[in-house]
Amino acid sequence: MHRVEVEKNTLEANGRIAAENRALFKRLGAFVVNVMSAPGAGKTSVLEQTIKLMKENHKIGVIEGDLHTTIDADRISALGVDSYQITTGTVCHLDARMIRSGLQGFNVEGLDLLFIENVGNLVRPVEFDLGEDSRVMVFSVVEGADKPRKYPVMFHEVEAVLLNKIDLVPYSEIDLPKLMSNVLDVNPEARIFPVSCRTGAGLGRWTKWLEARIHSRASGGARARSAACSAGGER
Ligand SMILES: Nc1nc2c(ncn2[C@@H]2O[C@H](COP(=O)(O)OP(=O)(O)OP(=O)(O)O)[C@@H](O)[C@H]2O)c(=O)[nH]1
Ligand SMILES: [Mg+2]
């Protein structure tokens, strides 16, 4: 019971800081996308490909969340895009306070698109509002068509699901139509983008949607979020 209270207070405090972050991002004119997934699904690869397609027309920055290394931030910097690494130690998600602290070392002014790559984890990141405008997730199709039903929370809480690594479909048992229908069962409003960072397939549709989403910002905004995981979930 006590643990439930602590969790509730933590999420409430997080929500207050997230609201401040959101107001700041809005004032500075940056559209913010929180990119989440299980480890290794392809978040950084999707960001690399997205940056290549969008950097000519958008001033982009990336905040990277990782347990220990700066590997992902280095991959982004190699593309000539400013990146900032937040290392979380043992914590399997970013929270609004970490983003606020990160903003002291990372200048968002002048950016029109800021990606935040969350720590690889399929459960915990979704509970923490960061002040983003949009939440998207990357899912590696080879993990299986049943996963949206087994781990529904993140699929339910995002606007878009990138089904990555479709180049591997011919070599796996994966039933792509079944996977897509399972995503829609959990979240009927989800935009689904089958993509491959290896071949580039599907990425144009994704970036087109994202551009339209940036332009419709005024009428959109972040989805209401609920702490759908029970208190005391893994960290
Ligand atoms: N075949 C194939 N491999 C991919 C694709 N996208 C990413 N990968 C590979 O998948 C592995 C993980 O990709 P990352 O982009 O590092 O994944 P991530 O989600 O950022 O990983 P973490 O940040 O560690 O959670 C790498 O070896 C990539 O080369 C894809 O579309 N097809
Ligand atoms: Mg990564």
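The exercises below concern a predicted model and each is followed by a worked solution.

**Exercise 1.** Determine which residues have the most contacts inside the largest nonpolar core, and which elements supply at least two residues of this core.

*Solution.*
Step 1. The largest nonpolar core has 27 residues. Val 33, Leu 113, Phe 115, Val 136, Leu 162, Trp 206 and Leu 210 have the most contacts inside this core.
Step 2. At least two residues each come from strand 1 (31-36), strand 2 (60-66), strand 4 (113-117), strand 5 (134-140) and strand 6 (160-164), and also from helix 2 (43-54) and helix 8 (203-215).
Step 3. Helix 8 gives the largest share, five residues.
Step 4. A second core, of 20 residues, is separate; Phe 139, Phe 155, Val 186 and Ile 192 are among its members.

**Exercise 2.** List what Leu 113 touches, leaving out residues up to four places away in sequence.

*Solution.*
Step 1. The residues touched by Leu 113 are Phe 31, Val 33, Met 54, Lys 59, Ile 60, Gly 61, Leu 210 and Ile 214.
Step 2. Of these, Val 33 and Leu 210 appear, like Leu 113, in the list of residues with the most contacts inside the largest core.

**Exercise 3.** Decide whether helix 2 is largely enclosed or not, and compare its span with the expected one.

*Solution.*
Step 1. A residue is buried when its relative accessible area is under 20%. In helix 2 this holds for Lys 43, Thr 44, Val 46, Leu 47, Glu 48, Gln 49, Thr 50, Ile 51 and Met 54.
Step 2. Because nine of its 12 residues are buried, helix 2 is largely enclosed by the rest of the structure.
Step 3. From first C-alpha to last, helix 2 reaches 16 Å, close to the 16 Å expected at 1.5 Å a residue.

**Exercise 4.** Describe the surroundings of ligand 1 and its polar contacts with side chains.

*Solution.*
Step 1. There are 19 residues around ligand 1, and Lys 43, Thr 44, Ser 45, Asp 167 and Cys 197 come nearest.
Step 2. A side-chain N or O atom of Ser 45 is 2.6 Å from an oxygen atom of ligand 1. For Arg 75, a polar side-chain atom is 2.9 Å from an oxygen atom of the ligand. For Asn 164, the partner is a nitrogen atom of ligand 1, at 3.0 Å.
Step 3. On its own, ligand 1 has 650 Å² of accessible area, and the protein covers 75% of that.

**Exercise 5.** Classify Asn 9 as buried, partly exposed or exposed, and give the separation of its C-alpha atom from that of Ile 51.

*Solution.*
Step 1. Asn 9 belongs to helix 1 (residues 2-28).
Step 2. Its relative accessibility is 42%, so Asn 9 counts as partly exposed.
Step 3. Asn 9 and Ile 51 are 42 residues apart along the chain, and 37 Å separates their C-alpha atoms.

How values were computed:
Residues numbered from 1 in each chain as written. Chains lettered and ligands numbered in written order. Predicted model: local features only at pLDDT ≥ 70, side-chain atom pairs only at ≥ 80, totals over all residues. Heavy atoms only, no water. Core = buried A, V, L, I, M, F, W, Y, C linked by side-chain atoms within 4.5 Å. Buried < 20%, exposed > 50% of the residue type's maximum accessible area, 1.4 Å probe, protein only. Helix = DSSP H or I, 4+ residues; strand = E, 2+ residues; numbered from the N terminus. Contact = heavy atoms within 4.5 Å. Near = heavy atom within 4 Å. Polar contact = N/O pair within 3.5 Å; in protein donor to acceptor, adjacent residues only side chain to side chain. Areas by Shrake-Rupley, 256 points an atom, 1.4 Å probe, with all protein chains shown as cover. Expected span 1.5 Å × (residues − 1).
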